[in-house]
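The following exercises ask the reader to examine a structure step by step. Each task is followed by a worked solution.

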Amino acid sequence: MNNRFIVKPELCTGCRSCELACSFTHAIDGVRALTRITPIDGGFKDLWVPVTCLQCDDAACIKSCLVNALKRNPVTGAVELNHEVCVNCMACVAACPFGCAVLDTQANLIVKCDLCGGDPACAHFCPTKALVWEPIEKSVKKTG
Amino acid sequence: MIHITINGKVVQAKDGEMLLTVIRREKIDVPTLCHHEAVEPSGACRLCMVEITKPEWDGWCDYVTSCLYPAADGLIVNTHAKKVNELRSSILDMYLARHPKSPEIRQLAAEYGVLKTQFEEVVDGDNCILCGICTRICDTMGFHAISMVGRGHGKEVAPPLNMAPTACVGCLSCAKNCPTNYIEYNMENGGLTIWKKDFEMVACTECGKTTITKEFAEYLSKNRDINIDYFRKCDECHRKELAGTMGRISNWDREARS
């Protein structure tokens with residue numbers, strides 16, 4: 001785990017570029033998938049919060065999976081869902097306390113953020129750098 | 001690592017890995033009805049048949065179910081040889097005779113050129129192909145609510161004594177993974193009925209959306225150490241709650257700076 005994904009709601013303008021980047025990156029056979037990240041109104045003026053999987057340390061989704069389809073990727077630190085193994089029981093969708101495992105009704109698959117396997121497309125497309133993917137040392141130095 | 005040849009292409013595989021896993025990894029389309037990565041292979045549907053041979057076999061070859069055949073070094077596999085396709089279409093021919101009404105079977109058979117069966121059609125049959133994917137998934141998930149009952153013509157998938165199974169939590173994994181969509185369930189008015197058992201769904205306290213049954217939520221919280229409060233809201237309301245919390249923190253930050 002060399003990099004980390006940082007969300008800065010104060011910089012988000014709610015433009016939804018991340019949604020498009022996510023949808024197209026995870027497309028199956030050219031059909032756009034359901035987005036794994038979505039900016040939601042934070043409840044204050046001009047404040048949007050890009051909501052996506054927090055990749056919890058003690059993840060409820062991993063605990064809830066009865067067929068071990070959800071596993072943590074030791075390289076990126078992301079919780080990844082293996083669609084081949086998933087039986088669509090909806091346990092993770094119901095168990096996630098942040099609602100970040102979602103059922104893609106079009107593809108009939110449960111989807112969640114996997115940090116694009118170590119290079120999140122949303123961070124590349126965010127015009128205001130509200131979403132960044134940077135080395136841990138860099139962000140630690142900045143915040144002091 | 002060992003090397004096997006699939007349709008003329010040399011590919012790497014782990015020793016003892018099943019052939020179908022290697023074939024699927026190479027993105028070669030081999031039809032299956034009973035295969036699911038979550039459960040052990042059983043070789044019930046017979047559609048994943050492939051032709052295998054080795055240079056030292058003197059032109060002799062064998063036809064095996066690839067889901068149950070371990071990869072071995074030097075194996076030459078042909079997934080769509082003429083004889084394999086003939087085997088598959090004759091298997092599908094029999095499926096079509098047994099389940100003439102199943103749209104999934106009809107479509108797969110049509111792909112292999114079988115539009116009408118040459119055998120006598122079973123008129124009052126059902127669409128269950130007895131592949132056991134439902135019972136195997138139920139066992140793997142740890143519920144053991146349904147199993148194969150009876151033998152020969154009377155074989156069927158059923159809960160114990162054909163009564164509402166006490167072990168079933170209504171996760172719907174059996175119905176959602178059935179290759180012919182045979183397992184029926186009824187979901188309406190915040191309730192669910194499957195295998196003659198009635199369930200109550202957990203309704204979101206904010207919007208009323210239902211995701212899983214109460215029994216399943218209680219099972220997960222008890223056996224998997226998940227806070228029962230996590231199941232109170234639906235995914236959408238959870239996301240809104242998270243945005244609200246993160247928004248409040250960001251707003252403090254913003255006010256402090258201005």
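**Exercise 1.** In this predicted model, determine which side chain of opposite charge is nearest to A:D104, and how far away A:R36 or any such partner is.

*Solution.* Begin with the position: A:D104 belongs to strand β6 of chain A, which covers residues 102-104. Next, consider the burial and the charge. A:D104 is buried, and the nearest side chain of opposite charge is that of A:R36, at 5.3 Å. A salt bridge requires a side-chain nitrogen of Lys or Arg within 4 Å of a carboxyl oxygen; A:D104 has no salt bridge. Finally, list the surroundings. Beyond four places in sequence, A:D104 contacts A:A33, A:L34, A:L109 and A:V111.

**Exercise 2.** State whether B:P55 is buried or exposed, and identify its contacts beyond four places in sequence.

*Solution.* First locate the residue: B:P55 sits in the loop of chain B between β3 (49-53) and β4 (62-65). Its relative accessible area is 58%. Exposed means over 50%, so B:P55 is exposed. Then examine the contacts, which are B:G74 and B:I76 once neighbours within four places are set aside. B:P55 and B:G74 are separated by 19 residues in sequence, while their C-alpha atoms are 8.0 Å apart.

**Exercise 3.** Establish which residues touch the most other members of the largest nonpolar core, and where this core lies with respect to the domains of chain B.

*Solution.* The largest nonpolar core has 70 residues, and those touching the most other members are B:Y95, B:M141, B:I194 and B:F216. Domain 1 (2-111) and domain 2 (133-237) of chain B both contribute residues, so this core lies between them. A second, separate core has 22 residues, among them A:V51, A:L115, A:A123 and B:A243. Returning to B:I194, its contacts beyond four places in sequence include B:C168, B:L172, B:Y185 and B:F199.

**Exercise 4.** Describe how strands β8 and β9 of chain B are paired, and find the residue in their turn that has a positive phi.

*Solution.* Strand β8 (residues 185-188) and strand β9 (residues 191-194) of chain B run antiparallel and are joined by four bridges. In one pairing, B:M187 has B:L192 as its bridge partner in β9(B). The two strands form a hairpin with two residues between them, and B:N189 in the turn has a positive phi of about 50°. Another positive phi, near 50°, is that of B:N181, which lies in the loop between α5 (173-176) and β8 of chain B. With 51% relative accessibility, B:N181 is exposed.

Note on methods:
Residues numbered from 1 in each chain as written. Chains lettered and ligands numbered in written order. Predicted model: local features only at pLDDT ≥ 70, side-chain atom pairs only at ≥ 80, totals over all residues. Heavy atoms only, no water. Buried < 20%, exposed > 50% of the residue type's maximum accessible area, 1.4 Å probe, protein only. Lys, Arg positive; Asp, Glu negative; His and termini not counted. Contact = heavy atoms within 4.5 Å. Core = buried A, V, L, I, M, F, W, Y, C linked by side-chain atoms within 4.5 Å. Domains from an automatic or database assignment. Pairing = 2+ DSSP bridges.
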